[in-house]
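Got your viewer open? Load the model below and follow along, one selection at a time.

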Amino acid sequence: MESKFTGRAHVYGDDIDTDRIIAGKYTKTLNLQDLADHVLEDLDIDFRSKLVKGDVLVAGTNFGCGSSREQAPLALKVAGVSAVVAKYFARIFFRNAINIGLPVLEVPDLEADSGDELEIDLKAGVVKNLTKNADYKASAMPQVMIDILDQGGLVAYLKKNGTYDASAL
Amino acid sequence: MSGQTVAEKILSRHAGKPVAADDLTVIDVDAALMSDTTAPLAIKAFREMGGKAPWNPERTFLVIDHASPAPNERIARLHDIMREFAADTGAVLYDVGEGICHQLMIEDDRVRPGEAFFGADSHTCTYGALGAFATGVGSTDLAAVMLTGKTWLKVPRTIRLEITGRINPGVEAKDLALAMVGKLGFAGATYQAVEICGEALVPMSLDERMTIANLGIEMGAKAALIHPDGLELPYDFDAEAISPDPDASYVREITIDGSALRPQISKPPRPDATVDIDELIGTKIDVAFIGTCVNGRLRDLHAAARILEGRRVASGVRLMVSAASQKVFLAAAKDGTLATLTAAGATFLPSGCGPCVGTHLGVPGDGEVVVSTANRNFRGRMGNPEASVYLASPTVVAAAAVEGKIVDPTELEG
């Protein structure tokens with residue numbers, strides 16, 4: 001996975017639940033493009049048309065609360081979102097995103113407006129707002145999550161390692 | 001070292017060493033669950049990982065409940081993937097109509113106190129009702145459990161929530177659960193466990209405890225563990241193993257006065273937008289829904305029947321009822337509850353999750369107002385972003401169905 005990339009910000013608010021990321025009526029599919037076609041439509045019906053591959057989703061607190069549906073981070077990833085940056089995430093969404101290889105960064109003090117150019121440095125854990133010329137530090141992730149993300153997700157991680165190694169946490 | 005919380009006790013046993021809040025650890029998992037929303041992706045990930053059969057097929061459960069019976073051919077194919085996986089590997093399948101996964105796990109004795117249970121459904125936290133550390137995960141995490149029989153996690157800090165006093169007649173477990181979510185907030189327990197205890201809980205049945213633990217995830221909790229005081233199960237269990245040490249340390253301690261509690265309603269579109277019913281008296285409704293993993297049990301249908309006995313649903317209102325399982329439905333058929341509710345104008349739906357999660361079976365129209373016994377009222381939750389959903393107890397929902405608007409149900413109770 002690329003550890004450093006730039007993308008344009010799409011900024012939304014607090015408490016965006018997984019139903020609004022992808023509604024329950026669309027989740028029953030293995031065709032991931034179907035998910036991407038409806039991503040965030042109950043939050044912003046124009047999101048899909050505004051999104052350019054590589055853009056960054058920016059949100060407030062408790063992003064991804066609610067259902068455990070992994071279709072939520074999958075919909076974002078397949079639609080072309082390169083990373084999600086939020087003040088903090090709901091627990092299951094955060095794990096799911098890492099497990100499917102979608103970078104998620106918890107940045108409590110990020111300031112960004114829609115359209116700002118962001119540079120994400122996963123290794124350093126830094127989000128740079130190039131438009132506003134400001135750097136923001138992301139909260140540290142457990143090593144196991146860094147390793148899973150580094151390998152592109154949990155499927156690849158377990159194919160390589162076979163199981164979880166308690167000493168590698 | 002201070003004493004252990006319930007989460008620390010259970011997770012220490014599953015880690016094979018003492019662990020405390022904030023420790024990262026690998027644990028042995030006792031059981032795994034998937035629904036038709038999450039199983040197809042989990043099976044795909046499991047195969048990609050190189051998995052052949054789950055580590056413990058007898059404790060791997062697949063439940064077809066979220067879009068059940070299949071509303072279209074695309075979903076029918078997903079159901080077939082689950083049936084084939086169960087047939088190939090020996091995993092346990094619950095097919096169309098048998099019930100909602102969380103009801104089945106407890107009703108069918110698939111989860112026991114003190115176990116570590118991982119389900120690819122966020123309301124897996126329901127089993128905290130009987131003292132299991134039960135939590136929701138996504139499909140790929142579940143696939144990893146099937147592959148390894150293990151998972152990694154951070155041992156959560158714990159919030160202690162005490163409900164003092166006895167709740168009044170007309171106030172139900174659901175009111176307590178909504179009050180709890182309102183008090184802690186949508187993210188009030190994110191990354192944390194909640195222990196729920198107090199005098200109000202002691203007389204409560206397992207059914208009522210399930211209603212309360214179920215809403216743990218609506219405040220972001222990793223697990224919602226109800227203390228076993230007063231818990232009755234059809235087998236012997238070690239209460240000490242699911243009780244905290246007296247000197248356990250908590251990140252927060254919160255009290256709710258149960259004796260002062262009024263019936264509660266959560267306003268759209270947030271489960272934590274909880275108010276006393278008195279603020280919403282007179283709100284007109286179009287649809288009333290009684291069911292789900294929160295409130296589809298026999299006790300809930302009885303509560304509705306007490307209101308609806310000898311009455312009719314208001315003109316222009318649709319009342320839909322779904323028993324949480326076939327066993328609940330059969331019991332309600334045998335004791336006359338089914339007849340009472342049907343005579344009042346209720347439409348019975350198959351046991352499952354369809355209406356709650358907006359898959360099928362009763363999607364509301366544009367601008368319509370639903371009052372529901374479910375746990376979520378997010379925008380679009382029931383399948384239409386232009387409808388709004390209020391959350392309440394079965395008694396409050398039944399009373400609203402009779403009057404066509406939200407009313408204080410005590411006015412209808414003899």
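Start small: select Pro269(B), which sits in the loop between strand 12 (264-266) and strand 13 (274-276) of chain B. Now show the bond before it: Pro268(B) and Pro269(B) are joined by a cis peptide bond, with omega at about 0°. Keep in mind as you click around that this is a predicted model.

Where is there another cis bond to look at? Go to Ser68(B) and Pro69(B), which a cis peptide bond also joins, with omega of about -5°. Here, too, the proline is in a loop: Pro69(B) is found between strand 3 (60-63) and helix 3 (73-89) of chain B.

Next, zoom out to chain B as a whole. Colour it by secondary structure and you'll have 13 helices and 18 strands on screen. The radius of gyration of chain B is 21 Å, close to the 22 Å that the globule rule gives for 414 residues, so chain B is as compact as a globular protein of that length. If you like boxes, draw one along the principal axes: the C-alpha atoms of chain B fill roughly 60 × 50 × 40 Å.

Now give chain B two colours, with residues 6-258 as domain 1 and 266-411 as domain 2. The C-alpha centres of these two domains of chain B are 24 Å apart. Where they touch, 32 residues of domain 1 of chain B are in contact with 31 residues of domain 2 of chain B. On the domain 1 side, helix 4 (101-107), helix 6 and helix 7 of chain B each supply at least two residues. Which helix gives the largest share of that side? Select helix 6 of chain B: the largest share, 6 residues, comes from there. Sorted by class, the domain 1 side has 10 nonpolar, 14 polar and 8 charged residues.

Stay with helix 6 and pick out its partner. Helix 6 (residues 173-184) of chain B packs against helix 7 (residues 206-214) of chain B at an angle of about 20°, and their axes are 8 Å apart. That angle makes the pair roughly parallel. Turn the view and you can follow the crossing, which is right-handed. To see what makes the contact, show Ala173(B), Lys174(B), Leu176(B) and Ala177(B) on helix 6 of chain B, then Glu208(B), Thr211(B) and Ile212(B) on helix 7 of chain B. These residues divide into 4 nonpolar, 1 polar and 2 charged.

Time to bring in chain A. Here 37 residues of chain A are in contact with 47 residues of chain B. On the chain A side, select helix 1 (18-21), helix 5 (91-99) and helix 7 (154-161), the elements that each give two or more residues. Helix 5 of chain A provides the largest share, 5 residues. By class, the chain A side comes to 14 nonpolar, 11 polar and 12 charged residues.

Zoom in on one helix pair across the two chains. The axes of helix 7 of chain A and helix 5 (residues 139-148) of chain B come within 10 Å and cross at roughly 20°, so these helices are roughly parallel. Their crossing is right-handed. Show Leu154(A), Val155(A) and Leu158(A) on one side and Thr140(B), Ala144(B) and Leu147(B) on the other. That contact has 5 nonpolar residues, 1 polar and no charged ones.

Last stop: Asn62(A), in the loop between strand 2 (56-59) and helix 4 (71-79) of chain A. Check its backbone: phi of Asn62(A) is near 60°, a positive value in a residue other than glycine.

Key
Residues numbered from 1 in each chain as written. Chains lettered and ligands numbered in written order. Predicted model: local features only at pLDDT ≥ 70, side-chain atom pairs only at ≥ 80, totals over all residues. Contact = placed C-beta atoms within 7 Å. Helix = DSSP H or I, 4+ residues; strand = E, 2+ residues; numbered from the N terminus. Nonpolar A, V, L, I, M, F, W, Y, C, P; charged D, E, K, R; others polar. Axes fitted to C-alpha atoms, helices over the stretch in contact; angles between N-to-C directions. Parallel < 35°, antiparallel > 145°, perpendicular 65-115°, else oblique. Left-handed = near helix turned anticlockwise from the far one by under 90°. Domains from an automatic or database assignment. Rg over C-alpha atoms; globule rule 2.2 N^0.38 Å.
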